[in-house]
Amino acid sequence: MSEDFYQDFAVRTKEKLQPYFEKARHQGVNVRAEVIIGSIKTVLAKDFPDQHDVDLIVLGNTGINVVEKMLQGSHTNYLVRHAKADVLVVK
């Protein structure tokens, strides 16, 4: 995939996040909406929390089964075990 593909995808994703970001901010929640391109496991577990003083990471459960998890791993599982911040998994 080209760099343009990832940049375009990041822009579209940030646009989709915007209504949720605005709703949280309107309700007084101190929140940031970031779209990150890179090795998401290590970026979310270590780099981003260190750079931005993150104290909570909220992730969705992937919904993959045990066999799929063994074959491909789980970003959520990795973050729960390795993140420097607390992790909340939403199902």
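Biologist: The protein holds four helices and two strands; what makes a stretch of residues count as a helix or as a strand?

Modeller: Both are DSSP runs numbered from the N terminus, a helix being a run of H or I with at least four residues and a strand a run of E with at least two. Followed along the sequence, the elements give the pattern α-α-β-α-α-β. This is a predicted model, in which local features need pLDDT of at least 70 and side-chain atom pairs count only at pLDDT 80 or more, while totals for chains, interfaces and linings use all residues. Residues are numbered from 1 along each chain as its sequence is written, and side-chain values use heavy atoms, with hydrogens and water left out.

Biologist: Which elements have the lowest and the highest mean pLDDT?

Modeller: On pLDDT, the predictor's confidence in each residue from 0 to 100, helix α3 (residues 66-72) has the lowest mean among the elements, 55, and α1 the highest, 89. The protein as a whole averages 82, with 86% of the residues scoring at least 70.

Biologist: Why is the pair of Phe5 and Phe9 called stacked?

Modeller: Rings of Phe, Tyr and Trp (for Trp, the six-membered ring) pair if their centres lie within 6.5 Å, and planes under 30 degrees apart count as stacked, over 60 as edge-to-face and the rest as tilted. The ring centres of Phe5 and Phe9 are 6.3 Å apart and their planes stand at 15°, so this pair is stacked. Both residues belong to helix α1, four residues apart, which is about one turn of the helix.

Biologist: And what makes the pair of Phe5 and Tyr6 edge-to-face?

Modeller: Here the centres are 5.4 Å apart and the angle between the planes is 75°, and the pair is edge-to-face because an angle over 60 degrees is given that name. The count comes to two aromatic pairs, and ring pairs link Phe5, Tyr6 and Phe9 into a cluster.

Biologist: How do you know whether Phe9 is buried, exposed or partly exposed?

Modeller: Buried means under 20% relative accessible area, exposed over 50% and partly exposed in between, with a 1.4 Å probe and protein chains only. Phe9 has 44%, so it is partly exposed; Phe5 at 37% and Tyr6 at 36% are also partly exposed. Glu15, found in helix α1, has 54% and therefore counts as exposed. Across the protein, 19% of the 91 residues are buried.

Biologist: What makes β1 and β2 a pair of strands?

Modeller: Two strands pair if DSSP finds at least two bridges between them, and β1 and strand β2 (residues 86-90) are joined over five bridges in the parallel sense. In β2, Val87 is the bridge partner of Ile57. Ile57 and Leu59 make up the covered face of β1, whereas Leu56, Val58 and Gly60 make up the uncovered one.

Biologist: Which residues lie nearest the centre of the largest pocket?

Modeller: Arg32, Ala33, Glu34, Leu44 and Val58 do, out of a lining of 31 residues. The elements that give two or more residues to that lining are α1 (3-26), α2 (40-52), β1 (56-60) and α4 (75-82), and α1 gives the largest share, eight residues.

Definitions and conventions: On a 1 Å grid over the protein atoms alone, a cavity is a set of points where a 1.4 Å probe fits but cannot get out, and a pocket is an open set with protein on both sides within 12 Å along at least five of seven lines; lining residues have an atom within 4 Å of a point.
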